[in-house]
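Visitor: Could you take me through the architecture of this model, one question at a time?

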Amino acid sequence: MRSRLKLSLCALFLGLAFLSACSTPSSGPAKVSAETQPAAEATAASESQPATQPPANLPKPDVNGNHVMQYVKDVVAFGPRPVGSQAHAKLEQYILSKLKGVEVEQDKFTAQTPVGKMPFNNIIAKFPGKKDGIIVVAGHYDTLYNRPDFVGANDAGSSTAVLLELADQFRGKPNDGYSVWLLWTDGEEAFVNWNKNNDNDWGSRQLAHQWQQDGTAKKIKAFLLVDMVGDADLDILKDTMSTPWLSDLVYKAAAKLGYQSHFYQLENGIDDDHIPFSKVGIPVDDIIDFTYGYNNVFWHTPQDTVDKLSPQSLAISTDVVLETIRLLDAR
Ligand SMILES: [Zn+2]
C-alpha cells in the first residue's frame with residue numbers, strides 16, 4: 001500500500017505542536033484529534049435508542065496472542081511468498097489445510113502484469129449467519145515480488161495470521177449474526193511500481209469487480225481490512241480513505257476493550273486493498289499501523305521480522321475485529 005500524505009509531514013507538524021492528530025505514543029498521554037473524539041461521544045449521544053446486544057453465540061474478543069503469533073511464525077517459515085512462487089503455493093495449501101470443514105471459495109485467475117502473465121488466488125472462507133448480510137474481514141497474504149531478502153512478518157504475515165485466528169474463532173459454531181467471510185487477498189504488492197499502471201491490489205480489484213457484477217457487493221454490510229497489525233509498538237492510524245462511520249465503529253470497539261491508546265493518534269490517507277471495494281459502494285475500513293518502527297523504517301525492508309511483533313499486538317488487533325463484528329451485529 002502507499003500513503004497519500006507523507007508521514008514526515010506529520011513529524012514536521014509535531015514540531016509545530018498544533019496538530020493534535022500527529023501526536024506520538026511516546027509523547028505522553030494520548031492526544032486524540034478533534035475528529036476522533038466524537039466517535040465515542042456520538043454513540044453516547046445516540047443512545048436514546050436502547051442498545052441492542054449482539055447474538056449470544058458470536059465469538060468473544062478474548063483471543064490468545066501466542067496462538068496468533070504461532071501462525072505468524074508458521075507463515076514466515078515458508079520464506080518470501082511472492083505471487084507465482086513455490087512458497088506462495090505452499091502457503092495457499094497451508095491456509096486451506098486450516099479451513100477443513102469450512103465452506104471455501106478460491107477465486108483463481110490470471111492477469112497480464114508488468115512482469116508477464118501471473119496466477120492469483122483470493123481465498124474466501126465463509127461462515128454463514130442467520131442475519132441477512134455479510135461482513136468481510138480481509139488481509140493480503142502475498143509478499144513483495146523479487147525480494148529474496150524480505151520475509152514479511154508484519155507485511156503480510158500478521159494479516160494472514162489474524163485471519164487464520166478468526167477462522168478458528170468462527171469454525172464449527174452457530175452464528176446468529178451476519179455471515180462472516182474471511183478473505184485472504186492475493187497480489188496486493190506491486191510487481192514493479194505500485195504507483196504505475198494499476199500495478200497493485202491485483203486480487204482485490206478483480207474480486208471487487210466480480211462482486212459488483214454478481215450482486216454480492218450490495219449484500220456486504222462492512223469490509224474490514226487488516227494490514228501490518230502485529231507491530232509490538234501498535235499504533236493503528238485513522239485512515240481518511242475509509243468510510244467514516246465504520247472507522248468510528250472500529251474506534252468504539254477499541255475503546256470498549258480499553259485499547260484506544262493504540263488507535264487513531266495518527267491520521268493518514270492509505271491506498272490499500274480496501275479501495276477497490278470502496279469504489280463499488282461497500283463500506284470499508286483499513287485497520288493499519290503504518291509507523292512500523294520509527295518513521296516506518298522496517299516497512300518493506302529485511303528488518304520486517306518476527307522479533308518486531310508481539311503476541312499482545314496481534315491479540316489486540318484480532319479482538320478489535322471481533323468486537324467490531326459484535327457492534328455491527330448489534331446495530
Ligand atoms: Zn507491503
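Guide: Two strands pair if DSSP finds at least two bridges between them. The model discussed here is predicted.

Visitor: Which strand does β4 join through eight bridges?
Guide: Pairing requires at least two bridges, and β4 has eight to the partner in question. The two strands run parallel, and one position in this pairing sets Val 136 opposite Trp 181. The partner, residues 178–185, is strand β5.

Visitor: Which helix makes a β-α-β unit with β4 and β5?
Guide: The strands β4 and β5 are parallel, and a helix completes a unit with them. The unit is right-handed. The helix spans residues 153–170 and is α5.

Visitor: Which residue of β6 is the bridge partner of Ala 138?
Guide: Strand β4 is joined to β6, residues 220–227, by five bridges, and the two run parallel. Within this pairing, the partner of Ala 138 is Leu 225.

Visitor: How many of the 10 residues of β4 are buried?
Guide: A residue counts as buried if 20 or more other C-beta atoms lie within 10 Å of its own. By that criterion β4, residues 131–140, is mostly covered. For the protein chain of 331 residues, the buried share is 48%. In β4 the number of buried residues is seven.

Visitor: Which strands stand at the edges of the sheet, and why is one side of each left without a neighbour?
Guide: The open sheet has six strands in the order β2-β3-β5-β4-β6-β10, with mixed pairing. Each edge strand has a single partner strand, so one of its sides has no neighbour in the sheet. From one strand to the next, the twist averages 20 degrees. The edge strands are β2 (103–113) and β10 (284–288).

Visitor: Which residue of β10 stands opposite Val 226?
Guide: Strands β6 and β10 pair in the parallel sense over five bridges. In that pairing, the residue of β10 opposite Val 226 is Ile 287.

Visitor: What angle does the direction of α10 make with that of β6?
Guide: Helix α10 packs on the sheet, where it touches β4, β5, β6 and β10. Its direction relative to that of β6 makes an angle of about 170 degrees.

Visitor: At what angle does α6 run to β3?
Guide: Helix α6, residues 202–213, lies across β2, β3 and β5. Its angle to β3, residues 116–127, is about 60 degrees.

Visitor: How are α5 and α10 oriented to each other?
Guide: Their axes come within 10 Å and cross at roughly 50 degrees, in a right-handed crossing. The contact includes Ser 158 and Leu 166 of α5, and Leu 314 and Val 321 of α10. Angles under 35 degrees count as roughly parallel and those from 65 to 115 as roughly perpendicular. The two helices are therefore oblique.

Visitor: How are α3 and α5 oriented to each other?
Guide: The axes of α3, residues 65–76, and α5 come within 8 Å and cross at roughly 125 degrees; the crossing is right-handed. Among the contributors to the contact are His 67 and Tyr 71 of α3, and Gly 157 and Leu 164 of α5. Angles from 65 to 115 degrees count as roughly perpendicular and those over 145 as roughly antiparallel. The two helices are therefore oblique.

Notes: Residues numbered from 1 in each chain as written. Predicted model: local features only at pLDDT ≥ 70, side-chain atom pairs only at ≥ 80, totals over all residues. Buried ≥ 20, exposed ≤ 12 C-beta atoms within 10 Å, placed from the backbone. Helix = DSSP H or I, 4+ residues; strand = E, 2+ residues; numbered from the N terminus. Right-handed = clockwise from strand over helix to strand, strands pointing away. Axes fitted to C-alpha atoms, helices over the stretch in contact; angles between N-to-C directions. Left-handed = near helix turned anticlockwise from the far one by under 90°. Contact = placed C-beta atoms within 7 Å.
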